[in-house]
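Trainee: Could you take me through the place where the ligand sits, slowly and with the residues named? I would like to follow along on the model.

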Amino acid sequence: MGRVEGKVAFITGAARGQGRSHAVRLAEEGADIIAVDLCQDYETVDYPMASPDDLKETARLVEAQGRRIVTAQADVREAAQLRDALERGIAELGKVDVVVAQAGIAPLHGNPPLQAWTDVVNVNLLGSINAVQASLPHLSEGASVIAVASAAALMSQGMVQNPGTNPGGSGYAWAKRALSDYMHELGRQLAPRSIRANVVHPTNVNTQMLQSKPMYRSFRPDLADPKREDAEPAFRVQQAMPIPYIEAVDISNAILFLASDEARYVTGMQLRVDAGGYLKWHDFHV
Ligand SMILES: NC(=O)c1ccc[n+]([C@@H]2O[C@H](COP(=O)([O-])OP(=O)(O)OC[C@H]3O[C@@H](n4cnc5c(N)ncnc54)[C@H](O)[C@@H]3O)[C@@H](O)[C@H]2O)c1
């Protein structure tokens, strides 16, 4: 029996990267999936988003595990689109037990700068809240709500190059901090109903968000046009362990634990999966 056998998970940003990895990992352990993704680019984000074919590939990979999946192209900034997608998924799969608010953008150095700030706050903060709030009426005892924030949420400005002090970069860190605070309060509200709310904070993850021009610029501000080979050594600054990044499945394994009944009394956690990055930059805290 799988670790999340018979559960249904609603995942945003599921067409590729971490979101796809969560969909496949949860399906491997017995869950059915409701997967949404925007599948469109942003003017302020200098790397491409996922495509409709990416979302189809997620569906193929979940079905290859013998599980069911309902997909929708939906924008997390549009609460009505999310509600429609979720309700269609519930009509087909019967319920929702797990919510993973994963969709996000990193418009570091994005232009126009204030539009980059607006976009990142709308997607990473309000979009995550939309995903959670579309789900709340459908959740019951034992459900698990998980938001993916970032190690950047736990760092004070200027501690590291990533994500930077430009509006897109500082908006990214602020949106993730505010999301973490929202989830803390949500956990308090949901605990009497035996519903859990937790945040996962990844360090660098080897996805297209990290392997992108704006991220290379953030980690190598000394170069005019840094490439992957320039950034890779600099990526290591973020972690205490001697690695440039972790893989998407490392986050999926944390999501799997929090989604499962193994974590039935784990709520209000700010769970760092960061190869010791926090230890490197912070003095002792209990
Ligand atoms: N990759 C990293 O180093 C890293 C580190 C910490 C946190 N994160 C967080 O992980 C998430 C990004 O995931 P990833 O690393 O797999 O990157 P990614 O760019 O591969 O995936 C992001 C996905 O979100 C989708 N998306 C973007 N805007 C959307 C919207 N408005 N509505 C619905 N879907 C939308 C994209 O199409 C894409 O499929 C973000 O929330 C990011 O803050 C990433």
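Mentor: Happy to; here is a walk around the ligand and the space that holds it.

A word on ground rules: this is a predicted model, in which local features need pLDDT of at least 70, side-chain atom pairs count only at pLDDT 80 or more, and totals for chains, interfaces and linings use all residues. Residues are numbered from 1 along each chain as its sequence is written, and side-chain values use heavy atoms, with hydrogens and water left out.

Start with the shell. The ligand is surrounded by 30 residues, where being near means having a heavy atom within 4 Å of it. Arg16, Asp37, Tyr42, Tyr172 and Thr207 are the closest. Sorted by class, the shell has 16 nonpolar, 9 polar and 5 charged residues; here Ala, Val, Leu, Ile, Met, Phe, Trp, Tyr, Cys and Pro count as nonpolar, Asp, Glu, Lys and Arg as charged, and the others, Gly among them, as polar. At least two shell residues come from each of helix 1 (17–28) and helix 5 (167–190). Helices (H or I, at least four residues) and strands (E, at least two) are DSSP runs, numbered from the N terminus.

Now look at individual atoms. An oxygen atom of the ligand lies 2.8 Å from a polar side-chain atom of Gln102. On the side chain of Asp75, an N or O atom is 2.9 Å from a nitrogen atom of the ligand. Ala50 takes part through its backbone, with an N or O atom 3.2 Å from a ligand oxygen. On its own the ligand has 830 Å² of accessible area, and the protein covers 98% of that, by the Shrake-Rupley method with a 1.4 Å probe.

Next, take the ligand away in your mind and consider the space. The structure holds 3 cavities of 30 Å³ or more, and the space taken by the ligand is the largest of them. A cavity is a set of points, on a 1 Å grid over the protein atoms alone, where a 1.4 Å probe fits but cannot get out, and lining residues have an atom within 4 Å of a point. A molecule sits in one if more than half of its atoms lie within 2 Å of its grid points. The largest cavity has a volume of about 610 Å³, counted as the space filled by probe spheres set on points joined across faces, edges and corners.

Of the 39 residues lining this cavity, Gln18, Gln102, Gly104, Ile105 and Met209 are the closest to its centre. Gln102 thus appears in both views, with its ligand contact and its place by the centre. Helix 1, strand 2 (32–37) and helix 5 each give two or more residues to the lining, and helix 1 gives the most, with 3. By class, the lining has 21 nonpolar, 14 polar and 4 charged residues.

Technical notes
A polar contact is a pair of N or O atoms within 3.5 Å; within protein, one must be able to donate a hydrogen and the other to accept it, and residues adjacent in sequence count only if both atoms are side-chain atoms. On a 1 Å grid over the protein atoms alone, a cavity is a set of points where a 1.4 Å probe fits but cannot get out, and a pocket is an open set with protein on both sides within 12 Å along at least five of seven lines; lining residues have an atom within 4 Å of a point.
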